[in-house]
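Reader: I'm new to this one, so could you walk me through how its pieces fit together? Let me see it first.

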Amino acid sequence: MARVLIVEDEMPILIGLKDNLEMEGYEVATATDGEQAMALMKRFKPDLVVLDIMLPRKDGFEVLREIREEKLDVGVIILSAKKAETDKVYGLDIGADDYVTKPFSVMEFMARVKAVLRRRGVPSPVKRYSFGDVVVDFENYEAYKGGQKVELSPREFKILRLFVENRGRVISRNEILNKVWGYESFPTTRTVDNYVVKIRRAIEDDPAKPKWIVSVRSVGYKFTG
C-alpha cells in the first residue's frame, strides 16, 4: 500500500486530497506546516510527498531542499499557487518530480500521483481482485462470494486490500495496525483479530478453518488467495 504525505495549510484542499487519495487505496498522512512535515517524514516514511510551497514555519522549497539533502528516497509533487515559470523551474531544479499549480483538476492530480509513483517503481493500489469464488471490487467497496453480495465495512476493505497486496507474506498485527489505523491511533492487536474474524465470516467457506486468511501463531496473518 503506497504511502502519501500531504503537506498543505489550506484545510479544504488538504481534506479533499486526503479523501480522494484514500478512496484510491493510498495510505495518507497530513501535515500543515514545514516542520511537522519533516518530523513525519521519518515516522511515516512516505513513498510520495504532496508539498505546498507557502507554508508556515518552514516553506515548501526549504522542506524540499532538506528532503534531497538528507537523500530521503521519496517522490515529491509541488502543489502551489505560484504560477511563475521561474518558481516551477526552481522547484524542479531542487528535486521536485512534478509541479502542479492551483487551482487544479482532481482527475489530473490523481493521474500525476500515479505517474510519479509508477516512475519510482511503487505499485498502484489493487482495484479488483478475485480468489476462489470471491470477487472484491475495492474501487466501489463491493464484495461477492458465490455471486452473492457480502457486507464489509470500509476498514474491513482496507484490511483485505492490505492482505491482497501482500499475498503470500506474513503480516504482523502491528503492521496492520500501523497501515490501517495509522501511527497516531492506539487500538490494540486484539482489535485486528476482531476485524479478521468478521472478514473471515464474509469470505471463508468455513471461518473456523480458514483457507484464505491463515493465522501465523504469535505473529499475525498470511493471505493465500
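**The open sheet and its helices**

Author: Let's begin with 3 strands that form an open sheet, paired antiparallel in the order S10-S12-S11. Strands here are DSSP runs of E with at least two residues, helices are runs of H or I with at least four, both numbered from the N terminus, and two strands pair if DSSP finds at least two bridges between them. This is a predicted model, where local features need pLDDT of at least 70 and side-chain atom pairs need 80 or more, while totals for chains, interfaces and linings use all residues. Residues are numbered from 1 along each chain as its sequence is written, and side-chain values use heavy atoms, with hydrogens and water left out.

Reader: Which strands stand at the edges?

Author: An edge strand has a single partner strand, so one side of it is left without a neighbour in the sheet. Going by that, the edges are S10 (170-172) and S11 (213-216).

Reader: And what does the twist average from one strand to the next?

Author: Directions matter here: axes are lines fitted to C-alpha atoms, for helices over the stretch in contact, and angles between N-to-C directions run from 0 to 180 degrees. From one strand to the next, the twist averages 35°.

Reader: Which residue stands opposite Ser 215?

Author: S11 pairs with S12 (residues 220-223) in the antiparallel sense, over 4 bridges. Across from Ser 215, in S12, stands Tyr 221.

Reader: Which helix packs on the sheet touching S10, S11 and S12?

Author: Contact means heavy atoms within 4.5 Å. Helix H7 (residues 173-181) packs on the sheet and touches S10 and S12, its direction making about 70° with that of S10. The helix touching S10, S11 and S12, at about 65° to the direction of S12, is H6 (residues 154-165).

Reader: How do H6 and H7 stand to each other?

Author: Their axes are 10 Å apart and the packing angle is about 125°. Angles under 35 degrees count as roughly parallel, over 145 as roughly antiparallel, 65 to 115 as roughly perpendicular and the rest as oblique. H6 and H7 are therefore oblique.

Reader: What residues of H7 are met by H6?

Author: On the H6 side we have Arg 155, Lys 158, Ile 159, Leu 162 and Phe 163. Their counterparts in H7 are Ile 176, Lys 179, Val 180 and Trp 181.

**Two hairpins**

Reader: Which residue takes a positive phi in the hairpin of S6 and S7?

Author: S6 (residues 128-131) and S7 (residues 134-137) run antiparallel, joined by 4 bridges, with Phe 131 opposite Val 134. The hairpin has 2 residues between the strands, and the one with a positive phi near 55° is Gly 132.

Reader: Which residue does that in the hairpin of S7 and S8?

Author: S7 is also joined by 4 bridges to S8 (residues 142-145), again antiparallel, and Asp 137 has Glu 142 as its bridge partner. Here 4 residues lie between the strands, and the positive phi near 55° belongs to Tyr 141.

**Another helix pair, and the domains**

Reader: Are H2 and H3 roughly parallel or roughly antiparallel?

Author: H2 (residues 34-44) and H3 (residues 60-69) pack at about 25°, with axes 9 Å apart. That angle therefore makes H2 and H3 roughly parallel.

Reader: How far apart do the C-alpha centres of domain 1 and domain 2 lie?

Author: The bounds, from an automatic or database domain assignment, are 3-120 for domain 1 and 128-223 for domain 2. The C-alpha centres of these domains are separated by 30 Å.
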